[in-house]
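Welcome! Open your viewer and get ready to select residues one stop at a time.

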Amino acid sequence: MKMLFDNPLKTRADLRQAVLDICSPLLPLYSEGKSRLHIGDTSAGYSDSTAEVEAFARPLWALAPLLTENGHEDWAGLYRRGLAAGTDPESPEYWGDPHDFDQLLVEMAAMGLGLILAPDKLWEPLSGKEKENVYRWLSFVNTKKAYDCNWRLFAVMVNLGFRKVGLPYCTEAVEAALGKVEEFYLGDGWYADGKPAHSDYYVPFAIHFYQLIYAKEMETEDPERSALFKARAKEFAEDFIYYFGEDGSAVPYGRSMTYRFAQAAFWSAYAYAGVDGFDPGVVKGIILRHLRSWFKRPIWNNDGTLTIGFGYPNLIMTEGYNAPGSPYWALKTMLVLALGEGSSFWQSEELPLPVADSRRVLPHPHMIAQKKGKHNVLFAAGHPMVNCHTHCGAKYEKFAYSNLFGFSVSKSVWGTGAGGFDSTLALSECDNVYRVKCENKEHLVTDDYIYTKWTPWKDVEIKTYIIPALPWHVRVHLIYSERELDSFEGGFAYPSEHVTSTEKTESGAFACFDGYRGGIVNLIGERKAGLNGMEANTNLIYSRTSLPALSGKVGKGETVLACAVFCGEEGDNAPTPAVSVEGGKIKVLIDGREVTIEI
């Protein structure tokens, strides 16, 4: 949308206007009773009726903070009317009684935030009967089962809302939820989103987000737990800052990428709760640069509504729970509107990232994060479990994830063009049907390298070593196979339409684009290099991409493959790494140093 593209996003007033510009296109789409929103006709795993409730609720992530200031009675009145109709069992727009594991439980969290932040606008003007209905319907969150993950915290948000408006609230449900989430804590500020589960963006934009709201609201009543949640967020922030680039972009990784600028929601909760960590100007810079980077991308429908997708509209990369209203989860980042103009956040000057070019070991998500210039990469060992969401192999098990180039997902298991095989090694039984890494059997993360073992077939074992040193990183694969295989290994996918030049040799392939140069070089093994076209809409950031890749054969028995992947600014002449494998050791000469790995 042009209004957002042109918005400088410097002040609180600018952010207020951004919220209005994002939400206003929804106005013609509300139902007659204002309790539902029909944004599109694609489906999720839950009913279309529930999807319309989701679409109604999610704008509250931004509207509730907006309503902390004077005015905006049009929005307040619309949402009072919608809440009243949706929770009235006698209304034709009644949302229905929620059941166990119901998506409706998810959407209650935004309504809870509305009660927490804007009770004078969304609660007090309701009639006695309307209040009774709202309370009865939201109270289902205390009696219905939720998945043992971030879902457990929806009850916390609702009960904080009850507490704020003076209603009876269920202490037992809150304690049970917080106790269960405590079981997910890994250390150093990190959680998993369940037990066992991945440590993905649900850690910052769900678990920490809700706990920081709890910390703010319960500072007096529960000071010990509030202090704990803030301390953990402070620790987590020291790692999480490596996910964010100088231009505001963040590394796409894991599921639910259609929530887009929710990637920065943690920082808004961090500021809202007053965590004593990074300077408010640093946090302000992260949030505003992040929003600017998103508002310049083609993520809107022609009517101004948010699309499903990531860098552009894209259903291929989505999960089964992504309905037309789902992307409005992104509005959680607007929580900083609940901070007044006089707050330290809004009074601070926007500051740059305080992190210089460096690496950081992240043991809990099994990663090494590295930043060099505008490029941020997460080198990943993967996880010893599969969550069975769509494209879980692509979203969690690739060797590297980049803020500049994203990652790709498959459109087909047939062939390499549709496979989305960037940053991974794909193998086929010589039949053009490929398998990739979908879970690790064991892993190790050290200061110098990542090790992961994986088994694409029960009689094929691969031990992969990743040695990061941007602009290069090295991959070594020790393969034992009882079958003959074709191999295909990709570097970072690049936007094919932006290419200014290419270069290819028998062992390496490179392309230059947008001031960057990316490519791959074979170091050990018999493989040919090429620049391979990929199916449209497989990459999350660019709709048309090409891939520098290596292809070759893997025979029965033991095979060693090694390559070096490059992605850096044009003119960066960092020497090509060298690798040798002998005597039970891998020796890698990279970035002017030698890394020795015992195998």
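## Stop 1: two hairpins in a row

Select residues 585–590, which form strand β22, together with residues 593–598, which form strand β23: these two strands pair in the antiparallel sense over 6 bridges. Keep in mind as you look around that this is a predicted model.

Now pick out individual partners across the pair. Leu589 in β22 has Glu594 in β23 as its bridge partner. Next, highlight Lys585, whose bridge partner in β23 is Glu598.

Which residue takes a positive phi in the hairpin of β22 and β23? Click on Asp591: its phi is positive, near 55°. This hairpin has 2 residues between the strands.

Stay with β22 and colour its two faces. Ile586, Val588 and Ile590 make up the covered face, while Lys585, Lys587 and Leu589 make up the uncovered one.

Add residues 578–582, which are strand β21. β21 and β22 run antiparallel and are joined by 5 bridges. For an example, show Val579, which has Val588 in β22 as its bridge partner. You have already met Val588 on the covered face of β22. The hairpin of β21 and β22 also has 2 residues between the strands, and there Gly583 takes a positive phi near 60°.

## Stop 2: one tyrosine and its company

Select Tyr480, which you will find in strand β12, residues 472–481. Is its side buried or exposed, or something in between? Tyr480 has a relative accessible area of 41%, and it counts as partly exposed because that value falls between the 20% and 50% cut-offs.

Which residues does Tyr480 touch, leaving aside its neighbours within four places in sequence? Show Asp459, Val460, Glu461, Gly557 and Glu558, which are in contact with Tyr480. Then add Thr559 and look at the C-alpha atoms: those of Tyr480 and Thr559 are separated by 6.5 Å, although the two residues are 79 residues apart along the chain.

## Stop 3: the largest pocket

Select Tyr147, Cys149, Trp151, Arg255 and His389. You are now looking into the largest pocket, which has a volume of about 500 Å³. Of the 26 residues that line this pocket, those five are the closest to its centre. What kinds of residue make up the lining of the largest pocket? There are 14 nonpolar, 6 polar and 6 charged residues.

## Stop 4: the second largest pocket

Move on to Asp247, Arg297, Leu404, Ile541 and Tyr542. They lie nearest the centre of the second largest pocket, which is lined by 16 residues. About 370 Å³ of space lies in this pocket. Its lining divides into 7 nonpolar, 5 polar and 4 charged residues.

## Stop 5: a cavity

How many cavities of 30 Å³ or more are there? The count comes to 1, and about 50 Å³ of space lies in the largest cavity.

To find this cavity, select the residues that line it: Leu60, Leu83, Met111, Gly114, Leu115, Leu122, Val134 and Leu138. The lining has 7 nonpolar residues, 1 polar residue and no charged ones.

Finally, show the helices α6 (103–117) and α8 (128–138), each of which supplies at least two residues of the cavity lining. The largest share, 3 residues, comes from α6.

Definitions and conventions. Residues numbered from 1 in each chain as written. Predicted model: local features only at pLDDT ≥ 70, side-chain atom pairs only at ≥ 80, totals over all residues. Heavy atoms only, no water. 1 Å grid on protein atoms, 1.4 Å probe; cavity = no way out; pocket = protein on both sides within 12 Å on 5 of 7 lines; lining within 4 Å. Points joined across faces, edges and corners; volume = space filled by probe spheres on them. Nonpolar A, V, L, I, M, F, W, Y, C, P; charged D, E, K, R; others polar. Helix = DSSP H or I, 4+ residues; strand = E, 2+ residues; numbered from the N terminus. Buried < 20%, exposed > 50% of the residue type's maximum accessible area, 1.4 Å probe, protein only. Contact = heavy atoms within 4.5 Å. Pairing = 2+ DSSP bridges.
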